[in-house]
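Thanks for coming, everyone. I'll put the model up, then talk through it.

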Amino acid sequence: MSAASAAVSAPWRAVLTRIRRNRAALVALAIIALFVLVALLAPVVAPYPPDAQPDIVGLARVGPSLAHPFGTDTFSRDVLSRVIFGSRISLGVATLAVLLSITVGTSYGAIAGYAGGPIDGLMMRVIDALLAIPRVLLLILALALWGRIALPSLILVLGLTGWFGTSRLVRARVRTLAVQDFALAARALGARDGRVLWRHVLPNALSPVLVAATLGIGNVIVLEAGLSYFGLGVQPPHASWGNIIQDGSDNIARGWWIALFPGLAMLVTVLCFNIIGDALRDALDPREERRS
Amino acid sequence: MSETQPLLQLRNLRTTFSTDAGDARAVDGVSLDVGEGETVGLVGESGCGKSVTALSILRLIQPPGRIESGSEIRLEGRDLMSLSEREMRDVRGNRIAMVWQEPLSALNPVFTVGDQIAEVARVHAGASRAAAKAKAIEMLRLVGIADPEERVDAYPHQLSGGMRQRVVIAMALVMSPSLLIADEPTTALDVTIQAQILELLRDVQQRMGMSVLLITHDLGVVAETTSRVIVMYAGEVVEEAPVRDIFAAAHHPYTEGLLRAMPRVGAIRERLTVIPGSVPPPTAWPTGCRFRDRCPYSWERCEREHPPLYQIGAGHVSRCHLAVEPERRARPHIPLAAVGTADAGALR
């Protein structure tokens, strides 16, 4: 408990300070920022158009060189350019899908947790049932039924299969928070249920969601790559890390670089998101706060 | 009890919680009045139903709890039990406001105190953002917080315990309620701060002319601030009297016990005594008198017959058969609850 201090600062400032002290997280954050920047500026940064096939005979499967640092693929396309354009798809799909899942998951969990009683019971049994089905199976089923897979539908499917855990997390937080004194105090001052939930309960429930979302992005990148590998994810001519790797794995003996570089990009990205997620979890831990 | 219409009237308030062990009758037929501009103390130990009474007045009892039909809650003559939830929201924070025991947990940790005070004005008066903030600063000044323009942007954890309780009081006073319910407002505070908060409550009560229902287990607090005292035990009112009479001529053995358990300056030779045993579980109130196992005077009538509220004097009632058999007071015995083996029932 701090003594009254004249300096006014948001609780977030303490969190930021703690993240700033975590060197690994800072490096990870910088790498992600760089990747996002490169993805946004892809047309400027990439040395070639992603689908240009300059010389399908002479330039096919050429190893890394100065002109093509990541080499070229079977169709003589520049792998570096494809990885750069692929990052737009991989990062974009993952981010949007995770935004969708945390929105749905938070709303669902908040309603169940705040309603309590039989409504909560029913809503959570539905989640139990959905969680009993492996996500990959659910994805394959949905995508197979969908037929032609456009990017928006891929995002939709990835987003809508990823919110069950978040809803459980939020529901548990809301259940504890809804019976806290400040929620009761807000009701005693005449606040509507909606207002109590939205203003008083949810803002206090969001930190685990933030952690789950950060870790979730890394998870969805891998999932999307896996689906692309099966031909269910991002469809050609769009390049995503997943389908570049798939391309490359068919030719792994004759051109190891095709699969290696997008694989490395993915590895680094997912690792960074996990490091940031862990750092956030540590920084948001209230027990940590008491110690410092 | 008062001649004119009292501000708050409770008649036969019964609040029950369904539990696995059966229905817990936490508040079991409480009737009380709080007059216009009056400060009434509601006293009793933990588990006697004081706080549930307070939450019932605001109709904030959540399932598995319920206020039984037949309970009457009237504010300024208006029957609160018949109001819709929407109408009731307009009463909460507006006509009746509450001050809580633990200010840190009653405040939302992620918003500034100014935001939280302003919210009341926004909810009830539809105040604009700017007007609500101005109101928040004005309220902080009213409750005696220095530099309100700065403190308005402070988060609860940046304030001291006493200041937090001032903020909670400020939130309660925004709409100038006619009734302020203060549930153990000083229990969580240092002794020196306690006095300041009581002083503040007295001050705003006089300035705004509102009524206060002060819930406490501390008779010292009651002596300083209230004009009338209602003592609750096991979900019932057991004694009610003007504050002077409570200290000079308490009638109910439970009130007597509470007084004897209170340290007093100048009474050095008197041993501080405890009331043996504890409040029985609300799922199984004893038949007859609910205090009998802990009472040094109980006799077989107390087991057989649930005592009514006997009139003792002007504005003084007591739920004890001693009112009609006063000679029994001369023959105290060791309470059943103090005799080890007989304790089992009370402890369950």
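I'll take chain A, then chain B, then the contact between them.

A word of caution to begin with: this is a predicted model. For chain A, mean pLDDT is 86, and 93% of the residues reach 70 or more. The weak stretch is residues 1-9 of chain A, where pLDDT stays under 50. The model does give those residues 11 contacts beyond four places in sequence. Still, where pLDDT is low, predicted coordinates should not be read in detail.

Now the make-up of chain A. It has 14 helices and 0 strands. Read from the N terminus, every element is α. The C-alpha trace spans about 75 × 50 × 25 Å along its principal axes. The chain has 292 residues, and 41% of them count as buried. Take the contacts between residues at least 6 apart in sequence: 69% of these join residues at least 24 apart.

Look next at helix 4 of chain A, residues 79-115. Does its end-to-end distance agree or disagree with its residue count? There are 37 residues, and at 1.5 Å a residue they should span 54 Å. The end C-alpha atoms are 52 Å apart, so the two agree. The helix does bend, by about 25 degrees, at Gly86(A). Just after the helix comes Gly116(A), with a positive phi of about 65 degrees.

How enclosed is helix 4 of chain A? Of its 37 residues, 27 are buried, so the rest of the structure largely encloses it.

One of its partners is helix 10 of chain A. This helix covers residues 193-201, and its buried residues are Val196(A), Leu197(A), Arg199(A), His200(A) and Val201(A). What do they pack against? Helix 4, helix 8 (164-178) and helix 9 (181-188), in chain A. A reminder on spacing: an α-helix has 3.6 residues a turn, so residues three or four places apart point the same way.

On to chain B. It is divided into domain 1, residues 8-226, and domain 2, residues 252-347. Their centres, taken over C-alpha atoms, are separated by 30 Å. Where they meet, 14 residues of domain 1 of chain B are in contact with 7 residues of domain 2 of chain B. On the domain 1 side, strand 2 (22-34) and helix 9 (219-225) of chain B each supply at least two residues. Strand 2 of chain B gives the largest share, 6 residues. By type, that side divides into 6 nonpolar, 4 polar and 4 charged residues.

Chain B also has some backbone oddities. For background, most residues other than glycine have a negative phi, and most peptide bonds are trans. The bond from Pro63(B) to Pro64(B) is cis, with omega near 10 degrees. Pro64(B) sits in the loop between helix 1 (50-57) and strand 4 (65-67) of chain B.

Then two positive phi values. Asn12(B) has phi near 50 degrees, and it is found in strand 1 of chain B, residues 8-19. Glu184(B) has a phi of about 50 degrees, also positive, though it is not a glycine. Glu184(B) lies in the loop between strand 8 (179-183) and helix 8 (191-208) of chain B.

Are these two buried or exposed? Asn12(B) has 12 other C-beta atoms within 10 Å, so it is exposed. Glu184(B) counts as buried because it has 21 C-beta neighbours inside 10 Å; the cut-off for buried is 20 or more.

Last, the contact between the chains. It takes 31 residues from chain B and 22 residues from chain A. Several elements of chain B each supply at least two residues, among them helix 2 (85-91), strand 7 (96-99) and helix 7 (161-173). The largest share on the chain B side, 3 residues, comes from helix 4 of chain B. That side divides into 17 nonpolar, 8 polar and 6 charged residues.

One residue to click on is His124(B), in helix 4 of chain B. With 19 C-beta neighbours inside 10 Å, it counts as partly exposed. Which residues does His124(B) touch, leaving aside its neighbours within four places in sequence? Across the chains, Gly190(A). Within chain B, Gly93(B), Asn94(B) and Met175(B). Asp90(B) is 34 residues from His124(B) in sequence, and 7.1 Å away in space, C-alpha to C-alpha.

That's the tour. Questions, please.

Definitions and conventions:
Residues are numbered from 1 along each chain as its sequence is written. Chains are lettered from A and ligands numbered from 1 in the order in which they are written. This is a predicted model: local features need pLDDT of at least 70, side-chain atom pairs count only at pLDDT 80 or more; totals for chains, interfaces and linings use all residues. Helices (H or I, at least four residues) and strands (E, at least two) are DSSP runs, numbered from the N terminus. The expected span of a helix is 1.5 Å times one less than its number of residues. The bend at a residue is the angle between axes fitted to the seven residues ending there and the seven starting there. Domain bounds come from an automatic or database domain assignment. Two residues are in contact if their C-beta atoms, placed from the backbone, lie within 7 Å. Ala, Val, Leu, Ile, Met, Phe, Trp, Tyr, Cys and Pro count as nonpolar, Asp, Glu, Lys and Arg as charged, and the others, Gly among them, as polar. pLDDT is the predictor's confidence in each residue, from 0 to 100.
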